[in-house]
Amino acid sequence: MSSTPPQVALITGGAGAGIGHGLSEALAAAGWNLVITDRKAERGFALAGRLAREHGVKVEVVAADVTEPDAPATAVQRALDCFGRLDGLVNNVGVGLVKKAGEVTDEEFQALFNVDFLASFRFVRAALPALVATQGAIVNIGSVHARLASQKYALYAATKSALDAFTRGLAVDYGPQNVRANIVHPGLVESPQNEALLAKLVPDAKQWIAEFTATRQCLPQLVTAREVGELVAFLLGRQARSITGQSIFIDAGTTTLLWNNSQNP
């Protein structure tokens, strides 16, 4: 009696200290074999070894800059060579840009666009033949900035809005071939990167986070990277077989509030 082989997911930036880690952890815990890309090979191999020990899965690491034109084909081919299939793609890699729109240079915008949109498009394009073969799924990682405006985030928000629209188009184009596409928009996620960014913008990052969770969220706690990963694992899995073209927010209610909790009458 033959058993169904484990499903295989490709995660860009899957060894990152923030959401990337959460994605890889959650999918490995759900029994997925993984191909993860990361610019820092040692970080990738360290995570791969731990996930293999803890969850009994196989993890391949592709040391690559996702903006390199050949990176998507290399990563997809690694999945096919090592596992013979690809069932899920998670476009996670992203960078930020905190600057007023009128002050952004062409070079800064192009660098942002290359990572936050163009790389995702290229990975989707490279992965689609394999995903069509397995009737697989795509999950893109967006941001609450795709819907809400914040000072100095206009260009970052524009790339995430573009990714949102791209995801809907993918769902329409490839739904007839049973390939699903959804986008997850995290709010403020507990991560070293976010604390480091806030430390550059406000006098006391921890106090700012405490005030934000109390006043700008329905739920008074930060979203964790593992929670984002578990949502993505669900969307990639067979239980979500009828969910496609959706923009799903995991933000503790930030996009639900009409005004700050501190201003409630």
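Strand β2 is a good place to enter this predicted model: 6 of its 6 residues are buried, so the strand is largely enclosed by the rest of the structure. The burial extends to both faces, with N33, V35 and T37 covered on one side and L34, I36 and D38 on the other. This arrangement can be read against a simple rule of strand geometry: in a regular strand the side chains alternate between the two faces of the sheet. On one flank, β2 pairs with β1 in the parallel sense, over 5 bridges. Within that pairing, V35 of β2 is the bridge partner of L10.

The wider setting of β2 is an open sheet of 7 strands, paired in parallel and ordered β3-β2-β1-β4-β5-β6-β9. Its edges are formed by β3 (59–63) and β9 (247–250), each of which pairs on one side only. On average, neighbouring strands of the sheet are turned by 20° against each other, with direction ignored. Helix α4 (residues 106–134) packs on this sheet and touches β1 (8–12), β2 (33–38), β4 (88–91) and β5. The direction of α4 makes about 175° with that of β4.

Further along the sheet, β5 (residues 137–141) and β6 (residues 180–186) are joined by 5 bridges, again in the parallel sense. Here I138 stands opposite A181 of β6. Helix α5 (residues 154–174) also packs on the sheet, where its contacts are with β5, β6 and β9. Between the directions of α5 and β6 the angle is about 155°.

The loops that flank α5 each hold a residue with an unusual backbone angle to look at. K152, in the loop between β5 and α5, has a positive phi of about 75° although it is not a glycine. With a relative accessibility of 42%, K152 counts as partly exposed. N178 lies in the loop between α5 and β6, and its phi, near 60°, is likewise a positive value in a residue other than glycine. N178 also counts as partly exposed, at 45% relative accessibility.

Attention then turns to the nonpolar interior. In soluble globular proteins, nonpolar side chains tend to be buried together. In this model the largest nonpolar core has 32 residues, and those with the most contacts inside it are L27, L34, V184 and L236. At least two residues of this core come from each of β1, α1 (19–29), β2, α2 (41–55), β3, β5 and α8. The greatest share is given by α8, with 7 residues. Apart from this core lies another, of 29 residues, which includes L10, V62, A71 and A127.

The surroundings of L34 show how its place in β2 brings several parts of the chain into view. Leaving aside residues up to four places away in sequence, L34 touches A9, I11, S24, L27, A28, L51, K58, V59, E60 and F83. Not every residue of the contributing elements is buried, however: A52, found in helix α2, is partly exposed at 31% relative accessibility. A52 and I183 are 131 residues apart in sequence, and their C-alpha atoms lie 27 Å apart in space.

Helix α8 itself merits a closer look. Its buried residues are A225, V228, G229, L231, V232, A233, L235 and L236. At 1.5 Å a residue, the 12 residues of α8 should span 16 Å, and the 17 Å between its end C-alpha atoms agrees with this expectation. In the loop between α8 (225–236) and β9 sits G237, which is buried, with a relative accessible area of 14%. Not counting residues up to four places away in sequence, G237 touches W32 and R180. The C-alpha atoms of G237 and D87 are separated by 9.1 Å, although these residues are 150 residues apart along the chain.

Finally, the cysteines were examined. A disulfide is a covalent bond between the sulfur atoms of two cysteines. A search of the whole structure finds 0 disulfides. C82 is partly exposed, with a relative accessible area of 37%, and C218 is also partly exposed, with a value of 40%.

Technical notes: Residues are numbered from 1 along each chain as its sequence is written. This is a predicted model: local features need pLDDT of at least 70, side-chain atom pairs count only at pLDDT 80 or more; totals for chains, interfaces and linings use all residues. Side-chain values use heavy atoms; hydrogens and water are left out. Two strands pair if DSSP finds at least two bridges between them. Helices (H or I, at least four residues) and strands (E, at least two) are DSSP runs, numbered from the N terminus. Axes are lines fitted to C-alpha atoms, for helices over the stretch in contact, and angles run from 0 to 180 degrees between N-to-C directions. Contact means heavy atoms within 4.5 Å. Buried means under 20% relative accessible area, exposed over 50%, partly exposed in between (1.4 Å probe, protein chains only). The expected span of a helix is 1.5 Å times one less than its number of residues. A disulfide is a pair of cysteine sulfur atoms within 2.5 Å. A nonpolar core is a set of buried Ala, Val, Leu, Ile, Met, Phe, Trp, Tyr and Cys residues joined through side-chain atoms within 4.5 Å.
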